[in-house]
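Student: I have a structure open and want to go through some charged pairs. Can you help me read it?

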Amino acid sequence: MDPSDPVARYLPTLGRARAEGLALPPGAPAEERRVAALVVLASIVRREGWTEVVDLSVEDALQIAPGEPPLPEAFEARAHRRLVEHLGLRPCTACAGASASPVVCASCMGDGHVRRARIRHVQDRPIEVRELYAPREMSFVPALFSFESGLKRALGAADPPEPLRCLDLRPRAVRTAYRGGGDRAVEPDFHGHHFAGTIESAVATLGAFAAGGRIVAQAVRAYAWPLLWLRYDPGEPAREVVVFPDLTGALQAFSGAIPGELGGPPLPRQHARG
């Protein structure tokens, strides 16, 4: 990659890690895996609703519009009432139809009758999502159980750098080289770093927000976080090391070990400067 490319400073390599003085095991790793975490920032509006039968004055009943409320134009809370159906007129039970009374009835507004109607209450609820997903298989490695939470702490609340933004995470169709062969789907990656299940995790989480309603507006931004997963032979003091960039692009190392072997859970370690 061209060193002048703004993405280059965020791509971890073994050579860079050693040049920047990260505390790595002295031996060569048995395996190098280029994977990527996924950071998702989303603004969502979930529409929830319920119906009830109410008695309204004839005038109030005419003020309730039928149909579905318009789609929201902003990510903010809104409440709506919509008419489902009119169920007919009936004598006002509050004033027993005594419309001649000098005191105007608050229920029928002096008409003596109320209109029974089925109405639907609609609530638009804004939801803000900020989530980071590490590759699924890391969650099955005891030495890396705390990596995802450690990476979240390291990144904090700042927005990810724009060079790491992913504009399209859909699989792309690639035509096979064989005659008569159809297209095959190729999973997206980020400059050779595979997402390893993080896209599916993010899609499942966002879809779950529709429970109890439906999504009527959303704006989603996704960012890759490139990781270099180094796996060492059992003889090394740290068998699992993950090298990742911080917000400035400087590399950091998370050194994993089998719990109990090195006296406690692994923590992110800052590399030496100088």
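Student: Is D159 buried or exposed?
Tutor: Neither: D159 is partly exposed, at a relative accessible area of 47%. Buried means under 20% relative accessible area and exposed means over 50%, with partly exposed in between (1.4 Å probe, protein chains only). This is a predicted model, where local features need pLDDT of at least 70, side-chain atom pairs count only at pLDDT 80 or more, and totals for chains, interfaces and linings use all residues. Residues are numbered from 1 along each chain as its sequence is written, and side-chain values use heavy atoms, leaving out hydrogens and water.

Student: Which residue does D159 meet in a salt bridge?
Tutor: R221, at 3.8 Å from N to O. A salt bridge is a side-chain nitrogen of Lys or Arg within 4 Å of a carboxyl oxygen of Asp or Glu.

Student: And where do the two sit?
Tutor: D159 is in the loop between α3 and β4 (165–166), while R221 is in strand β9, so the pair ties together parts 62 residues apart in sequence. Helices (H or I, at least four residues) and strands (E, at least two) are DSSP runs, numbered from the N terminus.

Student: How many salt bridges does the structure hold?
Tutor: There are 18.

Student: What about R214?
Tutor: R214 pairs with E68, with their closest N and O atoms 3.0 Å apart. R214 belongs to strand β9 (residues 214–231) and E68 to the loop between α2 (58–62) and β2 (78–91), so this salt bridge joins parts 146 residues apart in sequence.

Student: Which residues are linked with them in a network?
Tutor: Salt bridges link R47, E68, R120, D124 and R214.
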